[in-house]
Amino acid sequence: MQNASRPVAVAAIRGLFVVLLLALWSVGSAVYGDTVLPPPLSIAATVIHGWREGWLMHATAVTISEVVPAFLIAAIVGTGFGLLLGLRDVWGDVLEPMILGVYSIPKITLYPVFLVLFKLGMASKVAFGFFHGVFPVEIMTQRATSTVSPVYLKVARTMRLTPWQTTVHVLLPAILPALTVGLRLAFSLTFIGVTLAEMSASRAGLGFLLNAADSTFDSQRTLAVIVILAAIGIGTNALFYAVERRVSPARAEVRQATLKM
Amino acid sequence: MQLTLKSVSKVFPGGAGGAPVTALEDIAFTVASGEFVAVLGPSGCGKSTLLEIIAGLSSPSAGEILLGDELVSSPSSHVSVVFQEDSTFPWRTVADNVGFGLQMRGVRKAEREHAVARAIELVGLSGFEGRYPHQLSGGMRQRVAIARTLVLNPAVMLMDEPFGALDEQTRFVIGEELLRIWDATGCTIFFVTHSLHEAVQLADRIVVLSARPGRVKRIFENHLPRPRVETEDPRAYAELMAGLRDAIGLTQAATRVKA
């Protein structure tokens, strides 16, 4: 019976945390002074101002235009390889530790290589973002594919499905819950990758702006950029969560059933 | 459609330096068109392997399978398979699960509807079209799997211990329903089971396999009147059961325990 009031309570507590965070921020800026840590309201003003003037909007547009293609390529390549390696036991076994190994390298150390290969512009950011994001999709897809119930594949074979039909109508729906988790992680990592690349060497974008503001001790701009980065990260994450909940009606059902007990 | 097994053998290569394992040896019998044949044997006798070979999912090491006059080398569109494991797709509703095969064959939704509704009615799931598998019991999910094969109008139905995971009562009820469906469709049924009662309840002929290697030990004709419950004709029922028990090796096992 507590079901109906539960989401409301959860939302209320979440709201409380946000208020608490803003309060802490205000206290912090009172303690350290406005120049070191400007208060929330003045940052809000800078964000709106920067957006109107165009520099903040332009940087955001540049970053998004790099993140989106990087994410899409990572999603397609990661899912494709994950399916292939998940189905081919031997290649999966051969490559999985190697993929996990590459994944564990601090990738920023490889950025100079990307700069040499793709130059200073957009291409190197997209490539580096892709490199960050492709692994979780590949790993999640491969794991999920190799654990798809063998009886589904037998059904597909006895019904004489084409490889394309088996992939689209059996494999992908079967791994969709895991795949959406992988894609959510991939987006976060792609976003991190692109921002890191912009901070390291670039001429535009939120990462570039952040670096420029930080190196001139412009805490107003620095925090304004951080607010935008946080908004993009939290917003897309919420979007992916909503999709995850939609694609696994069974899990939502189970969750409700356990709550009732 | 008649099913002919011509001295079918299956040898698995021994893993990790072990000797090759002969799972099936010289299996030969015929399932007449429209006949209900059960293959009975202890676990490990290769009965599921035999079913996979007939389904075209696996190839025999020697011998051949004929479906009508045609040699089986890959899955046939005349043959449907119901597996023991839950094979319903959790992301599809009952109706969409049942219509899956037709959809894959390119039949449009409007044209599938009638066949899907009829198959759902045959398995007694009318009213559950919009449900998802996780909202159904194990028995109902197996009915969905059966309806999914019925909708394709198979000439031959291969069933691999389809009710193995169900409790005894549900198993009996769903078995009687399968007989009704068999009557209504006239298809040939090849039914693998390890349950003597189930074999007696369902099949016209019961092929008993021995274990390691799987060989045809005996073939029983079953002429008991339906419904085959012990109380109908206790003597004939007991005789058939005793014969099956003997063939499967349960009598000797019991004597050994006694001694």
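User: What makes Leu51(B), Ile54(B), Ala55(B), Val79(B), Val81(B) and Phe190(B) residues that Leu158(B) touches?

Analyst: Two residues are in contact if their C-beta atoms, placed from the backbone, lie within 7 Å, and Leu158(B) meets that criterion with each of these six names, not counting residues up to four places away in sequence. This is a predicted model, in which local features need pLDDT of at least 70 and side-chain atom pairs count only at pLDDT 80 or more, whereas totals for chains, interfaces and linings use all residues. Residues are numbered from 1 along each chain as its sequence is written, and chains are lettered from A and ligands numbered from 1 in the order in which they are written.

User: Why is the set that includes Leu158(B) called a nonpolar core?

Analyst: The name applies because a nonpolar core is a set of buried Ala, Val, Leu, Ile, Met, Phe, Trp, Tyr and Cys residues (buried: 20 or more other C-beta atoms within 10 Å of the residue's own) joined through C-beta atoms within 7 Å. In the largest such core, of 64 residues, Ile54(B), Ala147(B), Leu158(B), Phe190(B) and Phe191(B) touch the most other members. Helix H5 (residues 138-150) of chain B, a DSSP run of H or I with at least four residues, gives the largest share, six residues. A second, separate core of 37 residues includes Tyr111(A), Phe114(A), Val155(A) and Phe191(A).

User: What covers the buried residues of H7(A)?

Analyst: In helix H7 (residues 150-158) of chain A, Tyr152(A), Val155(A), Ala156(A) and Thr158(A) are buried, and their cover includes helix H8 (163-200) of chain A together with helix H1 (47-55) and strand E6 (79-82) of chain B, a strand being a DSSP run of E with at least two residues.

Note on methods. Buried ≥ 20, exposed ≤ 12 C-beta atoms within 10 Å, placed from the backbone.
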